[in-house]
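User: I'd like a close look at one part of this model, the aromatic rings and what surrounds them. Please keep it chatty, but spell out your cut-offs.

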Amino acid sequence: MDSWIDGSIHPFIHSSIQLSQQNRAGMTYQQTLKYLYGLQSRGMKFGLRNIRALAKSVGNPHKEFPSIHVAGTNGKGSTCAFIASIFTEAGYKTALYTSPHLVRFTERIRINGIEMPEKRLVEYADRLRPMIEKLNATFFEATTCIAFQYFADENVEIAIIEAGL
């Protein structure tokens, strides 16, 4: 598509295509991913100060649903997937947050096995961005808060969370 959007088509059509790929704030999905991955350069931060402040800035969404947090050295992702499968099969609206992803970023954030829509990721990242910058939040802090907000907005009944250590 880049060869199309290099000026070889009518400028009005080119502008329309660009606008349709952007949300109200002007960020595309790819720009959002670039921004979020850029947060990895901030490294790791021990403690809960940043995630607490981020969550508070959007109304503490993690308090809207019960959670099972899975921590440890090995097997966290598999254990989370097993637990989520059990709850989903039992009829619960089940959230799952794991990392890393295998192919697509949205694999990290799922409800009943369905990945978070790209558009929603863009919206949440855009909404949180001022606070992410204010706190100098890390990639994991930002993406965790995005997941919690999405789960709360979707009224999940339980969330299975792979804990970052």
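Analyst: Let's start with the rings. Phe65, Tyr124, Phe148, Tyr150 and Phe151 are joined into a cluster by ring pairs. A pair here means two rings of Phe, Tyr or Trp (its six-membered ring) with centres within 6.5 Å; planes under 30 degrees apart are called stacked, over 60 edge-to-face, and the rest tilted.

Before going on, some ground rules. This is a predicted model, where local features need pLDDT of at least 70 and side-chain atom pairs count only at pLDDT 80 or more, while totals for chains, interfaces and linings use all residues. Numbering runs from 1 along each chain as its sequence is written, and side-chain values use heavy atoms, with hydrogens and water left out.

Seven aromatic pairs turn up in the structure. One of them is Phe65 with Phe151, an edge-to-face pair at 6.2 Å centre to centre and 80° between the planes. This pair ties together distant parts of the chain, 86 residues apart: Phe65 is in the loop between helix H3 (49–57) and strand S1 (67–70), and Phe151 belongs to helix H6 (residues 139–153). The element names are DSSP runs numbered from the N terminus, with helices being H or I of at least four residues and strands E of at least two. Phe65 and Phe151 are both buried, where buried means under 20% relative accessible area, exposed over 50%, and partly exposed in between (1.4 Å probe, protein chains only).

H6 takes part in another ring pair too: Phe105 meets Phe139 edge-to-face, with 6.2 Å centre to centre and 80° between the planes. These two also bridge distant parts of the chain, with Phe105 in the loop between strand S2 (94–97) and strand S3 (109–111), Phe139 in H6, and 34 residues separating them. Phe105 is buried, as is Phe139.

Now follow the chain past the end of H6. Asn155 sits in the loop between H6 and S5, and its phi is near 55°, a positive value in a residue other than glycine. Its relative accessibility is 59%, so Asn155 counts as exposed. Val156 is in that loop between H6 and strand S5 (158–162) as well, but Val156 counts as buried because its relative accessible area is 6%. Apart from neighbours within four places in sequence, Val156 touches Phe65, Lys93, Ala95, Ile111 and Phe151; contact means heavy atoms within 4.5 Å. So both partners of the Phe65–Phe151 pair are on the contact list of Val156. The C-alpha atoms of Val156 and Glu64 are separated by 8.5 Å, with their positions 92 residues apart along the chain.

Next, the other end of the picture: how H6 packs. In general, two packed helices are described by the angle between their axes and the distance between the axes. H3 and H6 pack at about 35°, their axes 10 Å apart; axes are lines fitted to C-alpha atoms, for helices over the stretch in contact, and angles run from 0 to 180 degrees between N-to-C directions. The crossing of H3 and H6 is right-handed, that is, the near helix is turned clockwise from the far one by less than a right angle, whereas anticlockwise would be left-handed. Asn50, Ile51, Leu54 and Ala55 of H3 make the contact with Glu141, Ala142, Thr144 and Cys145 of H6. By class, that's five nonpolar, two polar and one charged residues, counting Ala, Val, Leu, Ile, Met, Phe, Trp, Tyr, Cys and Pro as nonpolar, Asp, Glu, Lys and Arg as charged, and the others, Gly among them, as polar.

Thr144 deserves a mention of its own. It lies in H6 and counts as buried because its relative accessibility is 6%. Leaving aside neighbours within four places in sequence, Thr144 contacts Ile51 and Tyr97.

Finally, two backbone details in the loops. Ser99 and Pro100 are joined by a cis peptide bond, with omega about -5°, and Pro100 is in the loop between S2 and S3. Asn112, in the loop between S3 and strand S4 (114–115), has a positive phi near 50°. With 34% relative accessibility, Asn112 counts as partly exposed. For context, most residues other than glycine have a negative phi, and most peptide bonds are trans.
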